[in-house]
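Work through the following exercises with the sequence and the model side by side. Try each task on your own before you read its solution.

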Amino acid sequence: MDSFWWYVTLSAERELDDVLFSLADNTESIGTEFDELASGRVMLRAYYRSNEPLEHWKNKLLDAMKEFPTVKIEDFGKLENQPWNVQAEEAFPPLNVGENIVVLAPWHKGTEEAGRMPLYINPGCAFGTGYHESTQIVLRFMEEYAKPGMTTADIGTGSGILTIYAVKKGAAKSYARDIDPAVIDEVRKNFELNGLDLNKIDLATGDLLKGFDHTADLLLANILIEPLSTMIRDVPAVIGKNGTAIFSGMVENERERFLKILDENGLVPIAEKREGDWWGVAAKIKA
């Protein structure tokens, strides 16, 4: 186990508190602390593994912050021996999502409500634990669109939660890709925690859809708008005329911009969902 963690402290206007949490999640933060300042701004300290230099995490944050010019980095440094396990057990109670899903940390296994499909996730390991609104949007979409026998592609898999749900719903084949090789072993542990048939899953590192030469009935992408915009041109070749793509990770004020990007790339929205300030959309190729 690491003997220390890096931290980076962000600040923003009060109405951007959800954005701060999303920035931390999308840059693989392993934990956060949040505070409201007397000035009316809010501050979030995001913690990161020491297996990479501090500059690695700062650069990831700076790249993700480009869409939010008023978010600032206040300070950064090293923290010794933070007892994450104790904090995590208190911070991740079972969470019901949609009509039939419950997300649980492994220590809550067996406490799930009857009739809900349990998704067991080790919290803090990667983006997409299920506790963020953007992940919940995709899971709610998947209740409607994920069907037995489908092939799914989970781009930016994070914790693997979307692939876990796809396989539990009966997906015949699921592709899971993440640009960060450090999360792959943790994703595999989450798959094993859920008792998945690993023969149905193709898990690998990948930069969005670069080099992805497979097709899928259902493509899932829960990432920020910039990488979504970069990969969108490759989506039609993956889903074909009968497939569906689900995009999330955007705030409400990015809706019009992304709908225009869909249109420019031959895709049409078929449904939209919101959770708090977060927005997601399901799309198909234009007829």
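A salt bridge is a side-chain nitrogen of Lys or Arg within 4 Å of a carboxyl oxygen of Asp or Glu. The model shown here is a predicted one, and it holds 20 salt bridges.

**Exercise 1.** Find out how far apart K58 and E55 are in helix 2, and decide for each whether it is buried, partly exposed or exposed.

Solution. Begin with the contact itself: the side chains of K58 and E55 form a salt bridge, with 3.1 Å from N to O, and this satisfies the cut-off of 4 Å. Next, look at the positions, for both residues belong to helix 2, which covers residues 54–64, and because they are three residues apart, about one helical turn separates them. Finally, turn to accessibility, where buried means under 20% relative accessible area and exposed means over 50%. K58, with a relative accessible area of 12%, is therefore buried, whereas E55, at 44%, is partly exposed.

**Exercise 2.** Determine which parts of the chain are linked by the pair D263 and K286.

Solution. The first step is again the contact, a salt bridge between the side chains of D263 and K286 at 2.5 Å from N to O. The second step is to place the partners: D263 lies in helix 9 (residues 255–264), while K286 lies in the segment after strand 14 (278–285), so that the pair, 23 residues apart, links distant parts of the chain. The third step concerns accessibility, and here D263 is partly exposed at 44%, as K286 is at 38%.

**Exercise 3.** Which residues are joined with E272 and R274 into one network of salt bridges?

Solution. Start from the salt bridge in which the side chains of E272 and R274 meet, at 3.5 Å from N to O. Through salt bridges that share partners, E252, R255, E256, E272 and R274 are joined into one network. As for accessibility, E272 is partly exposed at 29%, and R274 is partly exposed at 40%.

**Exercise 4.** Describe the second largest pocket by its volume and its lining.

Solution. First take the volume, which is about 700 Å³. Then consider the lining, which consists of 28 residues, those closest to the centre of the pocket being N26, D63, I179, I223 and P227. At least two lining residues come from each of helix 2, strand 9 (173–178) and helix 7 (225–231). Last, sort the lining by class, which gives eleven nonpolar, seven polar and ten charged residues.

Notes: Residues numbered from 1 in each chain as written. Predicted model: local features only at pLDDT ≥ 70, side-chain atom pairs only at ≥ 80, totals over all residues. Heavy atoms only, no water. Helix = DSSP H or I, 4+ residues; strand = E, 2+ residues; numbered from the N terminus. Buried < 20%, exposed > 50% of the residue type's maximum accessible area, 1.4 Å probe, protein only. 1 Å grid on protein atoms, 1.4 Å probe; cavity = no way out; pocket = protein on both sides within 12 Å on 5 of 7 lines; lining within 4 Å. Points joined across faces, edges and corners; volume = space filled by probe spheres on them. Nonpolar A, V, L, I, M, F, W, Y, C, P; charged D, E, K, R; others polar.
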